[in-house]
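Subject: Structure handover

Hello,

Here is the structure I promised to pass on. Please open it and keep it beside this email as you read.

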Amino acid sequence: MEREWLFSLIPLAIGVVSLGFGVYGLRRAAALRRTGVTAEARIVRHEASRGSEGATFHHPVAAWTTRDGRECEYSSRFGRGSVGGAFGVGAFVTVRYDPEDPRRFEIHGWDVATVDRLFTVLGSVFTAGTLVVLLVRVITL
């Protein structure tokens, strides 16, 4: 067997990592739906981050008070290129948070599972496709 098959480990690694990120995000969202608590929050500012290609992403920072009286102010893990009026500074939004760890939260209407689903599907395709190619290569030797 020649060394060219080692290059197929690259898409396998990309697939496994993408699949891991996607499944983690979907499980996190499911746990918040099951055990999360809702609260009314206010967008207090936006934090900007730069993507690998120079694009700017805006992450809204939501502030709310938990049921046990703790003041929380956290940035969303999702960023977008532009911010609509419903998520501008001063807007009131609904958040669902983990009562044990309020840093784990989602902003209703902003944080969507689409990204997590995309990572899961693409990771599955890369992983399964690479494994099939490797299996066929091993069988046909």
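Is Ala-128 buried, partly exposed or exposed? The model is predicted, so keep that in mind throughout. Ala-128 sits in helix H2. Its relative accessible area is 43%. Buried would need under 20%, and exposed over 50%. Ala-128 therefore counts as partly exposed. Now look across to Ser-18. The two residues are 110 places apart in sequence. In space, their C-alpha atoms are 12 Å apart.

Ser-124 belongs to H2 as well. At 32% relative accessible area, Ser-124 is partly exposed. Beyond its neighbours within four places in sequence, Ser-124 is in contact with Leu-19 and Gly-129. Leu-12 lies 112 residues from Ser-124 along the chain, yet 9.7 Å separates their C-alpha atoms.

**The two helices**

H2 has 26 residues. From first C-alpha to last, H2 reaches 37 Å. The expected figure is 38 Å at 1.5 Å a residue, so the two are close. Which residues of H2 are buried? They are Asp-116, Thr-120, Gly-123, Thr-127, Thr-130 and Leu-134. These buried residues pack against H1.

H1 has 27 residues, which should span 39 Å at 1.5 Å a residue. The C-alpha atoms at its ends are 38 Å apart, which agrees. Several H1 residues are buried, among them Leu-12, Gly-15, Ser-18, Gly-22 and Gly-25. Arg-28, Ala-29, Ala-31 and Leu-32 are buried in H1 too. What covers the buried residues of H1? The cover includes S4, S5 and H2.

**The pocket**

The largest pocket holds about 170 Å³ of space. Its lining is made of Phe-21, Tyr-24, Arg-77, Phe-78, Val-115, Asp-116 and Phe-119. Helix H1 (9-35) and helix H2 (114-139) are the elements that give two or more residues to this lining. H2 supplies the largest share, three residues. By type, the lining has five nonpolar residues, no polar ones and two charged ones. Asp-116 appears in this lining and is also one of the buried residues of H2.

**The core**

Nonpolar side chains tend to be buried together in soluble globular proteins. In this model, the largest nonpolar core has 16 residues. Those with the most contacts inside it are Ala-62, Trp-64, Val-93, Val-95, Tyr-97, Phe-105 and Ile-107. Four strands each supply at least two core residues: S1 (37-50), S2 (56-65), S4 (92-97) and S5 (105-107). S1 gives the most, with four.

Take Val-95 from that list. What does Val-95 touch, leaving out residues up to four places away in sequence? Val-37, Thr-38, Ala-39 and Ala-41 are among its partners. So are Ala-62 and Trp-64. Phe-105, Glu-106 and Ile-107 complete the set.

**A histidine in S1**

Last, find His-46 in strand S1. At 23% relative accessibility, His-46 counts as partly exposed. The cut-off for buried is under 20%, so His-46 does not meet it. Not counting residues up to four places away in sequence, His-46 touches His-58, His-59 and Pro-60. Val-83, Phe-87, Gly-88 and Val-89 also touch His-46. Gly-88 is 42 residues from His-46 along the chain, and their C-alpha atoms are separated by 8.2 Å.

Best wishes

Key: Residues numbered from 1 in each chain as written. Predicted model: local features only at pLDDT ≥ 70, side-chain atom pairs only at ≥ 80, totals over all residues. Heavy atoms only, no water. Core = buried A, V, L, I, M, F, W, Y, C linked by side-chain atoms within 4.5 Å. Buried < 20%, exposed > 50% of the residue type's maximum accessible area, 1.4 Å probe, protein only. Contact = heavy atoms within 4.5 Å. 1 Å grid on protein atoms, 1.4 Å probe; cavity = no way out; pocket = protein on both sides within 12 Å on 5 of 7 lines; lining within 4 Å. Points joined across faces, edges and corners; volume = space filled by probe spheres on them. Nonpolar A, V, L, I, M, F, W, Y, C, P; charged D, E, K, R; others polar.
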